[in-house]
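Please load the model in your viewer and keep the selection panel open. The tour below proceeds from one selection to the next and states what is to be found at each stop.

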Amino acid sequence: MCGILLQYSPKKQFAPNFRQMLDEMAHRGRDSVSITYHSTCKVGHRRLAITDIDTPPTIAPNGWHITLNGEIYNYKDLGFTGTECEVLAQGFAKYGTNFVKMLNGMFVIVAVCGADVYVFRDRYGQKPFYYFETADGLILASEIKPLLKNPEYKFSVNEGARLQWLTFNNIFTDDTLFQGIRKMDKGTAWHLNSGKMTKFWEWNFAPQPMDYAEAVAEVRRLVVQAVERMTPKEVDFGSLLSGGVDSGIISNLLPDCPVFTCGYDGGDERALAELTKKPKHYQIVFNRVTDFTDTVLHLEDLRVGASWSNYGIFELASKFCKVIFDGSGSDELFGGYEWRYTEPNYWNVVNRTGIENDYCRRIFEQVFYNDTLEERFKFDAEYFLEAVLLVGDRLSMAHTVETRQPFLDNDLVDFALTLPNEFKQGKRILKDAFSDILPIEVRTAKKQGWSSPDWFDGKGNRARKWSETSLQKWLELFNFGG
């Protein structure tokens, strides 16, 4: 898990403060730092060592230089030997860019071979990558703050992104709140030399007929396999634990490790969480909003949910672990958001703040135009899930902690996409698959989700208060000259 800064410049007109830009995200990796020069680009890397911790990325004999942010969970099963980066180099040399389809993991990969520069972003958008165009090419980074330090960037607000944020608590285009800075699309291979972007994977919910009992057994097998596959061997790890199904399954399947629960004065799921008996159970309880400025600073491009409490629980976890597990992806795969699927008008679900404007209505109609249950599942996975993952990446990496999501293991996802819809109602199949380890109170409890109390000032609903308050703080933090 790391931070990458990449400047693509065929004329080698590299930023004079490249190292300063790289150090803007030093929190993403404090174990080592490197800068490498190539014929058309310059690559900076801040490393948080999780796998092959004593071995830095290398230039393989075949001429491919790999820089990796993330984890390739199946790299030892791909028919090559060596570290993650060495395996990637051998794979791209043998199979070309199609090799990315064989990778099971979360990643941004920068692959340089001669003058050619490729960037690959993982299927689900677990690892972010942002970019803006310069006079002689592109600058790309794992976070936005390094890009803001480039002498060519001049701050202004992207009005379309601002309107989307105030309406949806999200942004459905590749825009960010920073005019001129865009988010690279997930599941994409990008050849910087030609500018060609190719999607190598997309969400597709395609239910198939199957036997329920067999499907239950397969879901269990795949979830267990995913947790085992992602459990690190070289560093300490722990798990977030709410009172819900997803984190309860993961925390029960993991070997003995600390778990972390977030609570609020006035009501939460702590009592349910405590039913999952874990000897090292740490809790943080809030009675007010904390770390608001730091949360907005590290989010950079604001996304769903008043996530200040996420910042706090990752800070707590960082005192014990280098890797934290969470249950992201389960709701999208197993029908967890029941209210999102029963509401007759999906606009009322997606418009979180209740604000109406023509621009946002047009954006919504462009990305959601066929209202079926499968399309609602896809929309949530495509846009809502990625936003949740971006929040998790930002606020965990703010404390130099890596998050892992077993429900986003490729094998599990591929199977879940084929499940009949009736198997997933209320997470039925997931609850049945783990009925022996989930307390009955957890299996029958009403879903609450990870949301904090309505503690922000302002008018309107909770989402509207968060969007307006955080946007004002964002302007104070990033509009340096305004």
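Two strands are taken to pair if DSSP finds at least two bridges between them. By that criterion, β12 and strand β13 (residues 259–264) pair in the parallel sense, over two bridges. The model on display is a predicted one.

**The whole chain**

Begin with everything selected. The protein contains 19 helices and 16 strands. Along the principal axes, its C-alpha trace spans about 60 × 55 × 45 Å. A compact globule of 482 residues would have a radius of gyration near 23 Å, and the value of 22 Å for the protein agrees with this. Of the 482 residues, 60% are buried. Among contacts with a separation of 6 or more, 70% are between residues 24 or more positions apart.

**Strand β12 and its parallel partners**

Select residues 237–240, which form strand β12. F237 and S239 point one way from the strand, while G238 and L240 point the other way. In a regular strand the side chains alternate between the two faces of the sheet. Are these four residues of β12 buried or exposed? All of them are buried.

Now add residues 259–264, strand β13. The bridge partner of L240 in β13 is F260. Next add residues 323–325, strand β15, which runs parallel to β12 and is joined to it by three bridges. Here F237 has V323 as its bridge partner.

**The antiparallel sheet**

Clear the selection and turn to the open sheet of five strands, whose order is β4-β5-β6-β10-β11. The pairing in this sheet is antiparallel. Strands of a sheet pair through backbone hydrogen bonds, either parallel or antiparallel. Which strands stand at the edges? They are β4 (64–72) and β11 (196–199); each has a single partner strand, so one side of each is left without a neighbour in the sheet. On average, neighbouring strands of this sheet are turned by 10° against each other, direction ignored.

Within the sheet, select residues 105–113 and 116–121, which are strands β5 and β6. These two pair in the antiparallel sense over six bridges. V112 stands opposite V117 in β6. Then add helix α2, residues 84–95, which packs on the sheet and touches β4, β5 and β6. The direction of α2 makes about 120° with that of β4.

**Helix α4 and two packing partners**

Two packed helices are described by the angle between their axes and the distance between the axes. Select residues 159–168, helix α4, together with residues 462–478, helix α19. Their axes are 7 Å apart and the packing angle is about 145°. The α4 side of this contact consists of R162, W165 and L166, which meet W466, S467, E468, S470 and L471 in α19. By class, the contact has four nonpolar, two polar and two charged residues.

Keep α4 and replace α19 with helix α13, residues 358–367. At what angle do α4 and α13 pack? The angle is about 85°, with the axes 9 Å apart. Angles of 65 to 115 degrees count as roughly perpendicular, and α4 and α13 are therefore roughly perpendicular to each other. In this contact G160, L163, Q164, T167 and F168 of α4 meet Y359, C360, I363 and F364 of α13. The class counts are six nonpolar, three polar and no charged residues.

**Three loop residues**

Proceed to G180, in the loop between α4 and β9 (182–183). At 44% relative accessibility, G180 counts as partly exposed. Leaving aside residues up to four places away in sequence, G180 touches Y131 and F132. Select E133 as well: it lies 47 residues from G180 in sequence, yet the C-alpha to C-alpha distance is 7.7 Å.

Select K12, in the loop between β1 (2–8) and α1 (18–23). Its phi is near 60°, a positive value in a residue other than glycine. K12 counts as partly exposed, with 48% relative accessibility.

Finish at E300, in the loop between α8 (292–299) and α9 (308–317). E300 is not a glycine, although it has a positive phi of about 65°. Is E300 buried or exposed? With 0% relative accessibility, E300 counts as buried.

Note on methods
Residues numbered from 1 in each chain as written. Predicted model: local features only at pLDDT ≥ 70, side-chain atom pairs only at ≥ 80, totals over all residues. Heavy atoms only, no water. Axes fitted to C-alpha atoms, helices over the stretch in contact; angles between N-to-C directions. Contact = heavy atoms within 4.5 Å. Nonpolar A, V, L, I, M, F, W, Y, C, P; charged D, E, K, R; others polar. Parallel < 35°, antiparallel > 145°, perpendicular 65-115°, else oblique. Buried < 20%, exposed > 50% of the residue type's maximum accessible area, 1.4 Å probe, protein only. Rg over C-alpha atoms; globule rule 2.2 N^0.38 Å.
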